[in-house]
Amino acid sequence: MSITKVERTTLVWFLRGQLLDRVVLILTSAAIVTEFFVLLLSGEPLLDYVGLLVGAAGVVLCRFRRMLGLVVVVLGAVAAALLATEYVAMWTVVVFTLFSVTVRGSRAIPALLIAGIPVYLSIVIRDGWNFQSPVALIATACCAVGAAVGSAVRAQQRYLESMRQRALDAEAAAGLAVERGIAEERLRIARDLHDAVGHEVAVVSMNLGAAEVQLPQESVGAREALTAARAGIQRVLREMQQILDVLRRGEDGGDRDPVADARRIPDLIETMRASGTVIEASLDDTGGLDSSVSTAMFRLVQEALTNAQRHGTGTIRISLTAESDELIVDVQNKRSSAANASERGSGYGLVGMRERAQSVGGHLEVVEDANTFRVRAVLKRGTHE
């Protein structure tokens with residue numbers, strides 16, 4: 001049974017149980033009021049009112065203390081059977097009260113024993129100790145029916161509530177299983193990526209080292225370029241290892257510290273400058289950011305600088321502006337004559353940058369014309385808790 005069906009069914013039965021209890025309370029009150037006017041119009045002696053008044057007090061008490069109220073109602077019915085001329089109304093009040101206390105949680109058998117035996121004996125005594133009195137037997141049977149029906153409705157409520165809880169538990173367990181499966185699959189992909197790409201990057205690093213050894217001593221510029229390339233390869237390997245370590249700590253319940261941080265953006269810029277790229281940077285303080293925003297900003301700057309270096313020419317201008325509730329990343333440079341619009345916008349770079357910005361509640365704007373390519377990201381600022 002789906003959770004929606006269980007909730008609907010449970011709601012219907014709860015409303016039915018509450019409604020029946022209220023209906024029974026109304027009927028009980030109507031029976032007491034009717035009996036009161038009958039006695040009043042018939043001119044019965046004051047003694048006939050004793051059972052009725054005690055029973056009414058028991059009905060009121062029963063709303064707060066179920067079993068104690070039932071006992072008082074039964075005492076009123078016994079008093080009516082032994083003292084009053086008319087006692088059927090109080091017998092009806094006992095049956096209704098039995099239903100009310102059992103539908104609200106009291107156990108049926110103790111409630112029936114408390115009510116059934118005194119009602120039966122009082123009617124037997126009234127009929128001259130006739131233990132086979134049909135009225136006594138019918139009254140007792142009606143008490144049993146009232147207790148049984150109330151207990152059955154209560155049991156149905158409890159059953160449907162347990163079904164609803166099971167559906168909720170099953171849904172939660174399924175969600176946890178899906179999340180666990182996703183985490184395991186991501187970890188597997190990270191391992192495969194590390195093994196495959198890491199191997200190829202290591203091979204490239206060794207080839208760069210071999211090329212550096214074979215260079216003539218006077219090739220200073222080429223040697224510096226190879227040294228910078230090898231340093232970049234080593235950074236890639238370290239970062240891949242850090243990513244895998246983060247995923248493994250996440251699987252084991254450890255901390256998930258980001259491998260990319262906005263505080264590392266100046267180092268990233270200096271690294272690119274060391275490779276010969278001309279960068280003009282204007283950086284506001286980006287400390288105290290939420291980890292997800294800090295990571296997104298670093299990756300956006302990293303990807304924007306990579307694209308600018310790959311497809312552009314001349315000076316790269318980058319600005320990081322920290323406002324009260326927003327962070328603005330702006331990277332632009334002159335378009336290379338060898339790069340066309342379709343080349344710049346192809347692949348997953350811009351798609352990934354948009355997804356990064358959207359993941360922290362921001363957005364990405366790409367402005368390009370014949371001479372300039374500009375990327376502007378606006379991120380929602382967050383703070384550490």
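In which helix is the place of L121? L121 sits in helix α5, and that helix makes a handy starting point for a walk through this structure. Keep in mind along the way that the model is predicted.

Let us begin with the whole chain before returning to L121. The protein chain contains 11 helices and 5 strands. It has 385 residues, and 35% of them count as buried. The chain exposes about 21700 Å², with carbon and sulfur atoms supplying 59% of that area. As for how the chain meets itself, take the contacts between residues at least 6 apart in sequence: 66% of these join residues at least 24 apart.

Now back to α5 and its surroundings. L121 has a relative accessible area of 37%, so it is partly exposed. It belongs to a nonpolar patch on the surface, whose members also include L47, V50, I109, W129 and F131. Together the residues of this patch have about 1000 Å² of accessible area. Which helix gives the largest share of the nonpolar patch? That is α5, which contributes 5 residues. Helix α3, residues 66-83, also supplies at least two residues, as does α5, residues 108-126.

W129, another member of the patch, deserves a pause of its own. It is found in the loop between α5 and α6, the latter spanning 134-214. Its relative accessibility is 56%, and because exposed means over 50%, W129 counts as exposed. The backbone here is worth a look too: W129 has a positive phi of about 60° although it is not a glycine.

Two further helical residues show other surroundings. S100 has its place in helix α4, residues 88-103. Is S100 buried or exposed? With a relative accessible area of 4%, S100 is buried, because the cut-off for buried is under 20%. Setting aside its neighbours within four places in sequence, S100 is in contact with D21 and R63. A56, in turn, lies in helix α2, residues 49-62. At 22% relative accessibility, A56 counts as partly exposed. Measuring tools in your viewer can take you from A56 to M90: the two are 34 residues apart in sequence, and their C-alpha atoms are 9.4 Å apart in space.

Next come the charges. Side chains of opposite charge can pair when their charged atoms come close. How many salt bridges does a search of the whole structure find? The search finds 5, and three of the pairs are described here.

R273 forms a salt bridge with E270, and the closest N and O atoms of this pair are 2.8 Å apart. R273 and E270 are 3 residues apart in helix α8, residues 265-274, so about one helical turn separates them. R273 is partly exposed, with a relative accessible area of 31%, and E270 is partly exposed as well, at 45%.

The side chains of E280 and R317 also meet in a salt bridge, at 3.5 Å from N to O. This pair links distant parts of the chain: E280 is in strand β1 and R317 is in strand β2, residues 312-322, with their positions 37 residues apart in the numbering. E280 is partly exposed, with a relative accessible area of 43%, and R317 counts as partly exposed at 43% relative accessibility.

K380 forms a salt bridge with E326, where the closest N and O atoms are 3.8 Å apart. Here too the pair links distant parts of the chain, with K380 in strand β5, residues 372-380, and E326 in strand β3, residues 326-335, 54 residues apart. K380 has a relative accessible area of 41% and is partly exposed, while E326 is partly exposed at 22%.

Finally, consider charges of like sign. D284, D285, E323 and D325 form a negative surface patch. Among them, D285 is found in the loop between β1, residues 279-283, and α9, residues 291-311. Why does D285 count as exposed? Its relative accessible area is 63%, and exposed means over 50%.

How values were computed:
Residues are numbered from 1 along each chain as its sequence is written. This is a predicted model: local features need pLDDT of at least 70, side-chain atom pairs count only at pLDDT 80 or more; totals for chains, interfaces and linings use all residues. Side-chain values use heavy atoms; hydrogens and water are left out. Helices (H or I, at least four residues) and strands (E, at least two) are DSSP runs, numbered from the N terminus. Buried means under 20% relative accessible area, exposed over 50%, partly exposed in between (1.4 Å probe, protein chains only). Patches are made of residues with over 30% relative accessible area and no salt bridge: like charges are joined within 9 Å, nonpolar side chains (Val, Leu, Ile, Met, Phe, Trp, Tyr) within 5 Å. Accessible areas come from the Shrake-Rupley method with a 1.4 Å probe; for residues, only the protein chains shown count as cover. A salt bridge is a side-chain nitrogen of Lys or Arg within 4 Å of a carboxyl oxygen of Asp or Glu. Lys and Arg count as positive and Asp and Glu as negative; His and the chain ends are not counted. The place of a charge is taken as NZ of Lys, CZ of Arg, CG of Asp or CD of Glu. Contact means heavy atoms within 4.5 Å.
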